[in-house]
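User: I'm new to reading protein models, and I'd like a close look at one part of this one. Could you pick a single helix and walk me through it, along with whatever else helps me place it?

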Amino acid sequence: MPITTGFNHVATLTTDLDRLVKFYVDAFEAIKSSEIPKRADHPRMATIDLGGGAGLNVFETTAEAIIGEQRGQGDRGAIDHFALSVDSLDTLRATRDRIIAAGGYVGDIQKLGSEWSLFFRDIDGMELEVCCHLGEG
């Protein structure tokens, strides 16, 4: 049995912190729980509470500092993608609509193993996923 209790956060990069925070607030009802202003030894950063103890630590940087083309698998840097969980297929469908309304791009909801899966691109073009268990909803 693992000693961990799930994932705590994923750290990501953006060129526009306010814009990215707004996307996650609008699409997922996430909460910006803290912000650190830019200092000489640290970039501007926000933590976004995604619920269930999971979050994003987002660092604002220049476009030149972000490596990778972000659209092809294997070209997205050290973190290829992360997946967010929702409680049901109905919530997944509603989330698809919220992502579109918030300015993201979505694929099709598909069955992948024991999950319903929806791949999407956030407002920065990063490929991510939202999923729920098949038996839920």
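Analyst: Here is a walk through helix H1, followed by its surroundings and a look at some strands further along the chain.

Keep in mind that this is a predicted model. To get your bearings, start with the whole protein, which has two helices and eight strands. Reading from the N terminus, the elements come in the order β-α-β-β-β-β-α-β-β-β. There are 137 residues, and buried ones make up 34% of them. Among contacts with a separation of 6 or more, 52% are between residues 24 or more positions apart.

Now for the helix. H1 covers residues 17-28. You can check its length yourself: at 1.5 Å a residue, its twelve residues should span 16 Å, and the end C-alpha atoms are indeed 16 Å apart, so the two agree. (If you try the sum, multiply by one less than the number of residues.)

Which residues of H1 are buried? They are Leu17, Leu20, Val21, Phe23, Tyr24, Ala27 and Phe28. Looking down the axis of H1, you'd find these buried residues within an arc of 155 degrees, so they line one face of the helix. There's a handy rule behind patterns like this: an α-helix has 3.6 residues a turn, so residues three or four places apart point the same way.

Let's zoom in on two of those buried residues, Tyr24 and Phe28. They sit four residues apart in H1, which is about one turn of the helix. A search of the whole structure turns up four aromatic pairs. Tyr24 and Phe28 form one that is stacked, with 5.8 Å from centre to centre and 20 degrees between the planes. Why does it count as stacked? The angle of 20 degrees falls in the stacked class because that class takes planes under 30 degrees apart.

How buried are the two partners? Tyr24 has a relative accessible area of 0%, while Phe28 comes in at 19% and still counts as buried. Phe28 makes it because the cut-off for buried is under 20%. The pair also belongs to something wider: ring pairs link Phe23, Tyr24, Phe28 and Phe120 into a cluster. Phe23 is another of the buried residues of H1.

Step just past the end of H1 and you meet Glu29, which takes a positive phi of about 55 degrees. Glu29 is exposed, at 57% relative accessible area. Its side chain meets that of Arg98 in a salt bridge, with 3.3 Å from N to O. The two partners come from distant parts of the chain, 69 residues apart: Arg98 is in helix H2 (residues 89-101), and Glu29 is in the loop between H1 and strand S2 (31-36). Arg98 is partly exposed, at 28% relative accessible area.

That salt bridge has company, as the structure holds eleven of them. Another joins Glu35 to Lys32, with their closest N and O atoms 2.6 Å apart. Glu35 is partly exposed at 33%, and so is Lys32 at 40%. Those two are also part of a network of salt bridges linking Asp18, Lys32, Glu35, Arg44 and Glu60. A further salt bridge runs between Asp41 and Arg39, where the closest N and O atoms are 3.1 Å apart. Here Asp41 counts as exposed at 64% relative accessibility, whereas Arg39 counts as partly exposed at 42%.

Finally, back to Phe120, which shares the aromatic cluster with Phe23, Tyr24 and Phe28. What does its part of the chain look like? Strand S7 covers residues 115-121, and it pairs with strand S6 (residues 105-112) in the antiparallel sense over six bridges. In that pairing, Leu112 stands opposite Glu115 of S7. The hairpin of S6 and S7 has two residues between the strands, and Gly113 takes a positive phi near 65 degrees there.

On to the next neighbour: S7 and strand S8 (residues 127-133) run antiparallel too, joined by seven bridges. This time Glu115 stands opposite His133 in S8. S7 and S8 make a hairpin with five residues between them, and Gly125 in the turn has a positive phi of about 90 degrees.

So when you go back to the model, try tracing it from H1: find the face lined by its buried residues, then the ring cluster that takes in Phe120, then the salt bridge between Glu29 and Arg98.

Technical notes. Residues numbered from 1 in each chain as written. Predicted model: local features only at pLDDT ≥ 70, side-chain atom pairs only at ≥ 80, totals over all residues. Heavy atoms only, no water. Phe/Tyr/Trp six-rings, centres within 6.5 Å; stacked < 30°, edge-to-face > 60°. Buried < 20%, exposed > 50% of the residue type's maximum accessible area, 1.4 Å probe, protein only. Salt bridge = Lys/Arg side-chain N within 4 Å of Asp/Glu carboxyl O. Arc of directions from axis to C-beta. Pairing = 2+ DSSP bridges. Contact = heavy atoms within 4.5 Å.
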